[in-house]
Amino acid sequence: MNPLLRRISSSTNSIRLSGQAAKKAVVTALGRRLLATEVDNSGETDGKSARRVRKDFADKMKDGPGFADFVSGMSEPLTPDQALEKAAAAQNRLQSKLAKGTTRLPRWLKTDIPTGGNVTKIRKTLRDLNLHTVCEEARCPNMGECWGGGKHGTATATIMIMGDTCTRGCRFCSVKTSKSPAALDPKEPENVARALAAWGLDYIVLTSVDRDDLADFGSNHFASTVRNIREMAPQMMIECLTPDFQGRPELIEPVAHSGLDVYAHNIETVEALQRMVRDHRANYKQSMFVLEHVKKTKPTLLTKSSIMLGVGETDEEVMQTMRDLRSAGVDIVTLGQYMRPTKRHMKVSEYVSPEKFKHWEQVGNELGFVYTASGPLVRSSYKAGEFFISEILRKRSAAKAAAQEAAAANGDTQTGNLRDIAATIATEERKKAATTTVL
């Protein structure tokens, strides 16, 4: 053996022996009792001592605590009556929590899992063209109805452009977040237009993540997408649900003039809860400014916003928010229930009843909104609302054409009033619903 290795081995053995000797010396000096599982091999070497220690340990365990000692209040098994009484008490506690507007999902918020041929077709098209929808990213409860056709028979989807990763972190939203998302896809505006033209839809909603990492926050990308859709599908009605572009007028205006029909931007919640619900870069006054500036930039555009309920707001705060939206010239408002996407997001404060949503719909109509969509499953991009808005746009075009003909004959330039058109459409829908019910 190498002399160096021999010295190392010798030193190691010396350390091991000295350690064992020291341990034995300490035990002898202190007279420490061995643990139940330790065996003193200093005397007997025939294994009898080891067997004795194991038997003594087993005897001690027999006399030790049982399962009932670790369970409070379970010294004796429950009788059937006691078990029923405890179950009834637990049910009463659950009902008390539900009465306060928390815990389990009410029956009116439960929806079917989206399936069907059209859902599969839309998913395949989206994947082939590397596109995203807010329907999937935000886990919208109406995806099955919208993608499957619904009662109006036309499939719709809300396309989310500029990627699937947001630079902001709102506490209600399940979209992925990052300070530096992937670069924009320069082919996306064309791909989106091609997909929508292939689907043959009447009405489409474009939305996006926030891109605070970009110099223009994505404004030009938005406008380019709308222009491409106009070229490939000129008959399509386009709604854009945009970010706030940090309230910069020079970035709001290109989108307003891009050729869209409805400009939407969501206020999300009442003023007092903005910092709790939304990212710190968003705020109430900034969102109100966006909506007001769009109306000043292009008065003929329909403007739209949305409010989530069930995050801790009061009735007075909701009323004030709706008044503020009307003062900013907003034509359309939607109110829906906040639903917690994951346990990492803020909790639901209250599940608002359908009757309360009906009340806010009446309030919206009284305040003078062209259209108010209010219900537990209503979202800012809402299929029934999109159908109603498309009817408004069609009839407004027809009224404008008729007014122009009348103007040519009489020298009058007045066009059809939006609220009159909306009222006419609402009356027609109620008549259809009544006829269907009778049949």
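The exercises below work through cores, annotated cysteines, salt bridges and helix packing in a predicted model.

Residues are numbered from 1 along each chain as its sequence is written, and side-chain values use heavy atoms, with hydrogens and water left out. Because the model is predicted, local features need pLDDT of at least 70 and side-chain atom pairs count only at pLDDT 80 or more, while totals for chains, interfaces and linings use all residues.

**Exercise 1. Describe the largest nonpolar core and the surroundings of Leu 206.**

Step 1. A nonpolar core is a set of buried Ala, Val, Leu, Ile, Met, Phe, Trp, Tyr and Cys residues joined through side-chain atoms within 4.5 Å; buried means under 20% relative accessible area, exposed over 50%, and partly exposed in between, with a 1.4 Å probe and protein chains only.

Step 2. The largest such core has 32 residues, and the members that touch the most others are Leu 196, Leu 206 and Tyr 263. Two or more residues each are given to this core by β2 (158–161), α7 (188–199), β5 (203–208), α8 (219–232), β6 (237–241), α9 (249–256) and α11 (284–297), where helices (H or I, at least four residues) and strands (E, at least two) are DSSP runs numbered from the N terminus.

Step 3. For Leu 206, contact (heavy atoms within 4.5 Å) is counted with neighbours within four places in sequence left aside, and its partners include Ile 159, Ile 161, Val 192, Phe 222, Val 226, Ile 229, Ile 238 and Leu 241, together with Thr 225 and Glu 239.

Step 4. A second, separate core holds 28 residues, among them Val 270, Ile 307, Val 333 and Phe 357.

**Exercise 2. Locate Cys 166 and Cys 173, and state whether each is buried, partly exposed or exposed.**

Step 1. The unreviewed UniProt entry lists Cys 166, Cys 170 and Cys 173 under "binding site"; such positions are given in the numbering used here, with feature names shortened, and the annotations may be inferred rather than shown by experiment.

Step 2. Cys 166 belongs to strand β3 (residues 165–166) and counts as buried because its relative accessibility is 10%. Apart from neighbours within four places in sequence, Cys 166 is in contact with Val 175, Lys 176, Thr 177, Ser 178, Val 209 and Asp 210.

Step 3. Cys 173 is placed in the loop between β3 and β4 (176–177), and its relative accessible area of 26% makes it partly exposed.

**Exercise 3. Examine three salt bridges, giving for each pair the N to O distance and the burial of its residues.**

Step 1. A salt bridge is a side-chain nitrogen of Lys or Arg within 4 Å of a carboxyl oxygen of Asp or Glu, and the structure holds 14 of them.

Step 2. Arg 168 and Asp 210 form one, at 3.7 Å from N to O. This pair links distant parts of the chain, Arg 168 being in the loop between β3 and β4 and Asp 210 in the loop between β5 and α8, 42 residues apart. Both Arg 168 and Asp 210 are buried, and they take part in a network of salt bridges with Asp 212, Asp 244, Asp 279 and Arg 281.

Step 3. Glu 239 and Lys 304 form another, with their closest N and O atoms 2.9 Å apart. Here strand β6, which holds Glu 239, is linked to strand β8 (residues 302–309), which holds Lys 304, the two residues being 65 apart in the chain; both are buried.

Step 4. In the pair Arg 248 and Glu 250 the closest N and O atoms are 2.8 Å apart. Arg 248 is partly exposed, with a relative accessible area of 32%, and Glu 250 also counts as partly exposed, at 43% relative accessibility.

**Exercise 4. Characterise the packing of α11 against α12 and the place of Leu 291 in it.**

Step 1. α11 and helix α12 (residues 315–327) pack at about 35°, with axes 10 Å apart; axes are lines fitted to C-alpha atoms, for helices over the stretch in contact, and angles run from 0 to 180 degrees between N-to-C directions.

Step 2. From α11, Tyr 284, Met 288 and Leu 291 meet Gln 320, Thr 321, Asp 324 and Leu 325 of α12.

Step 3. Leu 291 is buried, at 0% relative accessibility. Besides Leu 325, its contacts beyond four places in sequence are His 265, Thr 303, Lys 304, Ser 305, Ala 328 and Val 330.

Step 4. Thr 303, one of these partners, lies in strand β8 and likewise counts as buried, at 0% relative accessibility.
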